[in-house]
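Here is a walk through a few corners of this fold, one patch at a time. Keep the viewer open and follow along.

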Amino acid sequence: MKGLSTGRPTRSVLLAIFLLSLSGHVVKAASDHDPYTILGVRRTASQAEIKRAYKNLAKEWHPDKNKDPNAEDMFIKISKSYEILSNEERRSNFDRYGQMDENQPFGQSQHQGFRSFQNSFYFDETFFQFPRSRDFADSKYMLHHAQFNSDVIPDSFKRPYLIKVTSDWCFACIHIEPVWKEAVQELEPLGVGVGIVDLGYERRLANQLGAHRVPSIIGLVNGRVTFFHQAVVREHLRQFVEDLLPQKLVERINDNNYQEFLESWRVENKPRLLLFDQIPVVPLLYKLTAFAFRDYVRFGYVDQGETHNTQILRQFNINTYAPTMLLFKEDAEKPVDIIQARGMKRQIMDEFVSNNKFLQVPRLVSQQLFDELCPVKQFHRRRKYCILLITGEDEAFLPANKAFLDFASANKKDVLRFAYVYQRQQQPLCQALLHNQDVISPQVVILERRSQAGRVLYRSVSGGWNGSEEDKYRLHEQLELLQKDPTYLSSDTTLPELNNEMAPIFIVQWMNAAYDYILQIYDSLLYSNWREMMPILSLIFSALFILFGTVIIQAFSEPGESKTRKPKPKEHPTTQTEEDASSRTNTSSRPPKKDFVEVTELTDITYTSNLVKLRPGHINVVLVLTNASKNALLRKYAKEVFSFSGSQTLHFSFLNADKHRSWMPSLLSSACYAGQSESHSDDEESSDYTGHVLALNGYKKYFCLFRPVFTGDDPKDSSSETSFDSKRNSRSRSRSSSHSRSRSHSREEGAVPKRGSSSRATSIEVHHKLDRLGLWMERLMEGTLPRLQVPGWPTLDTNNTSSTES
C-alpha cells in the first residue's frame, strides 16, 4: 500500500514534467515566429522604435558580416518581422489573429507551434485531409493581383517568369513540389523570376492569367502568358523557360562573320559583347543576360570547340580553359573591357554589362536614350552636362566625327556625357538649338537638362567643330569654365521629344502582334479545356453563321436577277404585278438593277392595279401602239426609258390601240384638252395615236402627254440605230432650248397623222416617233410638264366609253 501511495505522486510528477516540456516546446515554437520577440520590441512599440531595432539587428546578423551558420536564417526572420510590423494592416492582423503571412487564413498561424509538435509524431495532417501548412520559404514568391500588374508584368520585359498556380486542397500539387523546388533552385540564380498564385485566395489574378485548374505552371515574357503542358520534370521546365525567350537574342560568331559583327556598331548604335566558351550550345545564363540588356548591347557567342574559330581565338588571345567575355565599342580591334572566370554568375555578368551599356560617344536615336545619357538635374545629385555634336551622315563629316570621338575618349569624366545626332534624323531638336540654321559644318552644343518637360540651359561653342587642335583646345577651355561657373550656360529653350529612329514600321508591328495572337489561339485550341475554348468557338461559329447566312439570303432573295435576260422579252413583254414594280430603286440617276425594262400590257386584268388603284406618288408611263408597230415601238421605247427604269415610283406599260380604240379619245375628251379644236375633236376617233406616251397618275387623276416627233434622220445610217448614247449626251443642252422644243411638239413637228396614214407608214417612220421621248422623260422627272386633270379614268371596254372613278 505504501508502494502504491508513493507511486502515485511519482506518476503525477512525471506527467507534470511532460506537460511543462510540452508547453515549453509550444511557447518556444510560437516565440520563434513572433515578430515582436524576434525584433526585441514591445507590442506597444512605435514605428520609430521598430525601425531602430530592425536596423541594429540587420547590421548584426547580416550574412556578409556575421559568420554564424544561422546568420542567414536569422536575417530572413528579422526582415520578415520588420515587413509585418512596419505595415499597419499586417501588424493589426497579427495582433488580432496571430497572422504571420498575409496570404494565410486568419488564425492559422496561432497553432503553428502545435503543428510542428504534431509533425514530430508518426501521423501527418495530410492523412486526415487537412489543409497542408504553407512552406515558409514559399511566402516570398506569393503573388497578388495589384503586385502582379504593377511589378511583375513590367519586369517580364527584362526577365522571364515561371509561375505556379496551386491551392491548399490540391494533392497533385504535393507530387510536383519536389521538382518545382529543384527547378526554382536552378533557375532563380540565373535570373528567372518565380511566382506562386493561390487559386483559393487570388481568384481574380487566376482569372486574369486564364488558370482555372490546379496545378498549373505558366510562363510570362513581355507580358504574354504561356502555359506549360509537358510532364513536370526539371529538364522540361528549363527548356520551357528557354523557349519563352525571343529568337536570335544571341548570334553565333565564327571566323567568317566576327569582323562584320564587331563593325556593325555604327548601324545599331550598341556595344558588342562576345562570350567564348567550350559548350556547343549557348548557355541559358547568357541568353537571359542578353534578354535583359537587348536594348543596349548586341550579344554574340563563340564556341571554342569548333574548328572554324581558330582565327578569332588567336587574334584576341583567348584562354580556352575558362569562359571569357570581351566587350567592344567603337574600336573593333581592341576590347574596352574583359572578364574571365570559371564560374560565371548572373550578378557578375549584370555588373559587367551595366558598366558598359553605352558607346563612348553614342548617337541619340530615341528619347529614352537621351533621358538615360543626359538625366534631368536633381538637387541631391551632381550636375550632368551633355556635350552634343550636331553633324551629318555624309562622308564629308567623318573626319570631324572621328576627332570628336578622340576628344571624348581623352576627356572621360563622370560629370560629362558625350553624344552626337544627325540633323536630318532629329530636325526638331536641331532647330531648337541652332535656331533653324542648316549645318554646313558640325556644331558642338553644351547643355544641361532642367526638367522632364524639355527645358534645358545650353551654350553653343563658337567657331563650330572641324576637329582641329584649335577646336579641341577651345572646347576643353569652355568645359573647364563650365565646371567652375555653372552660370556659364546662358541660353534657355525647350527641346521637343526625339524621334525614335530604331522603332519598327507599323506593318512589322502589326505582323508581330498577329503572329503572337495566332500562337495564342493555336495553343488554346490544342491544349485548353472546353471552358477556356468556349469564347473562341463562339466567335468562330458566329462568323461562319453570318458568312453563310449572307450567302444563302443573297442566293434565294431574287433568283431571277442571276439569270441573263435576252432581248426577246422586250418583243414579247411579260406581265408585272404591283409588288414587283415597287422593288426598283428610288432615283432614276442611279443605274437600274436589271439589264432590261419590264413593260406590262394594260388589259382588263392589270388595268385596275396599274392605273385606277395606283399607289400615291407612283406614275405609270404608258405607250400607245398597234399590232403593226408593236415590235419596233417597244424596242425604241425600252432604249429611251432604260435610264429611268431604276426609279421605284415609275411603272412602264403599253396599250394596244387596236384592242381598245375608244380609250384614248375618251381620255382626251374628258380632260378637255386645251390644244383641241372642235373640228379636231369631231375627228378624234379617226386619229392615229400610235407612238403617243402618257404619264398617268392614278391617285391624283392627271396625266402628261407626249406626241410623237419625226427628227428627219436618215434611217439607213448605221449610226441611227446606235445613237442612243449620243442622244443621251445631247440632253445636256440648255434647259430653255429643250423646253422650247418640247412645247413645239404639238404645233410645228407634232402634226397628228390620220388613221388612214397608219397603214401607209413605213417601219422607219414608226421607229422615229419616239426620238424625243428621253427629253420628255427628263422633264417628267423634273415636274415641269403640264398636267391635264381628269374627273375619272375611262374603262377599257370597247363598247362603253363612260368614265369610271376609282
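## Two tyrosines out of sight

Tyr286 and Tyr301 are both buried. Bear in mind that this is a predicted model. The ring centres of Tyr286 and Tyr301 are 6.4 Å apart and the planes meet at 50°, so this pair counts as tilted. The two tyrosines tie together distant parts of the chain: Tyr286 belongs to helix H13 (residues 284–292), while Tyr301 belongs to strand E7 (residues 298–303), 15 residues apart.

## A phenylalanine pair and its company

Now go to Phe407 and Phe418. Here the ring centres lie 6.0 Å apart with the planes at 75°, and because an angle over 60 degrees counts as edge-to-face, that is the label this pair gets. Phe407 sits in helix H17 and Phe418 in strand E11, 11 residues apart, so again distant parts of the chain are linked. Both of these phenylalanines are buried.

They have company, too: Phe404, Phe407, Phe418 and Trp465 make up one aromatic cluster. Across the model, the count of aromatic pairs comes to 15.

## Asn411, a polar residue tucked inside

Where does Asn411 lie? Look in the loop between helix H17 (398–410) and strand E11 (416–422). Its relative accessible area is 14%, and because the cut-off for buried is under 20%, Asn411 counts as buried.

What does the Asn411 side chain have to talk to? One of its polar atoms lies 2.7 Å from the backbone oxygen of Phe407, a residue we just met in the aromatic cluster. Setting aside neighbours within four places in sequence, Asn411 is in contact with Leu416, Phe418 and His476. Phe418, remember, is another member of that cluster.

## Charges parked over rings

Two spots are worth a click if you like a charge over an aromatic face. The charged end of Lys357 sits over the Tyr296 ring, 4.4 Å from the centre. Arg459 lies over the face of Tyr488, and there the distance to the ring centre is 4.1 Å.

## Helix H18 and what covers it

Helix H18 spans residues 427–434, and its buried residues are Leu429, Cys430, Ala432, Leu433 and Leu434. An α-helix has 3.6 residues a turn, so residues three or four places apart point the same way. That is handy to keep in mind while you rotate the view.

What covers the buried residues of H18? The cover includes strands E10 (385–391), E11, E12 (443–449), E13 (455–460) and E14 (491–494). Just after H18, His435 takes a positive phi of about 60°.

## A four-stranded sheet with helices on it

Finally, head back along the chain to an open sheet of 4 strands, ordered E2-E1-E3-E4, with mixed pairing. Strand E2 (193–198) and strand E4 (224–227) are the edges, each pairing on one side only. From one strand to the next, the twist averages 25°.

Strand E1 (residues 161–166) and E2 run parallel, joined by 6 bridges. For one of the bridge partners, find Val165, which is matched with Val197 in E2. Helix H8 (residues 171–187) packs on this sheet, touching E1, E2 and strand E3 (216–221), and its direction makes about 165° with that of E1. Helix H10 (residues 234–244) lies across E1, E3 and E4, and runs at about 30° to E3.

How values were computed
Residues are numbered from 1 along each chain as its sequence is written. This is a predicted model: local features need pLDDT of at least 70, side-chain atom pairs count only at pLDDT 80 or more; totals for chains, interfaces and linings use all residues. Side-chain values use heavy atoms; hydrogens and water are left out. Two strands pair if DSSP finds at least two bridges between them. Axes are lines fitted to C-alpha atoms, for helices over the stretch in contact, and angles run from 0 to 180 degrees between N-to-C directions. Contact means heavy atoms within 4.5 Å. Buried means under 20% relative accessible area, exposed over 50%, partly exposed in between (1.4 Å probe, protein chains only). A polar contact is a pair of N or O atoms within 3.5 Å; within protein, one must be able to donate a hydrogen and the other to accept it, and residues adjacent in sequence count only if both atoms are side-chain atoms. Rings of Phe, Tyr and Trp (its six-membered ring) pair if their centres lie within 6.5 Å; planes under 30 degrees apart count as stacked, over 60 as edge-to-face and the rest as tilted. A charge sits over a ring if NZ of Lys or CZ of Arg is within 6 Å of the ring centre and within 35 degrees of the ring normal.
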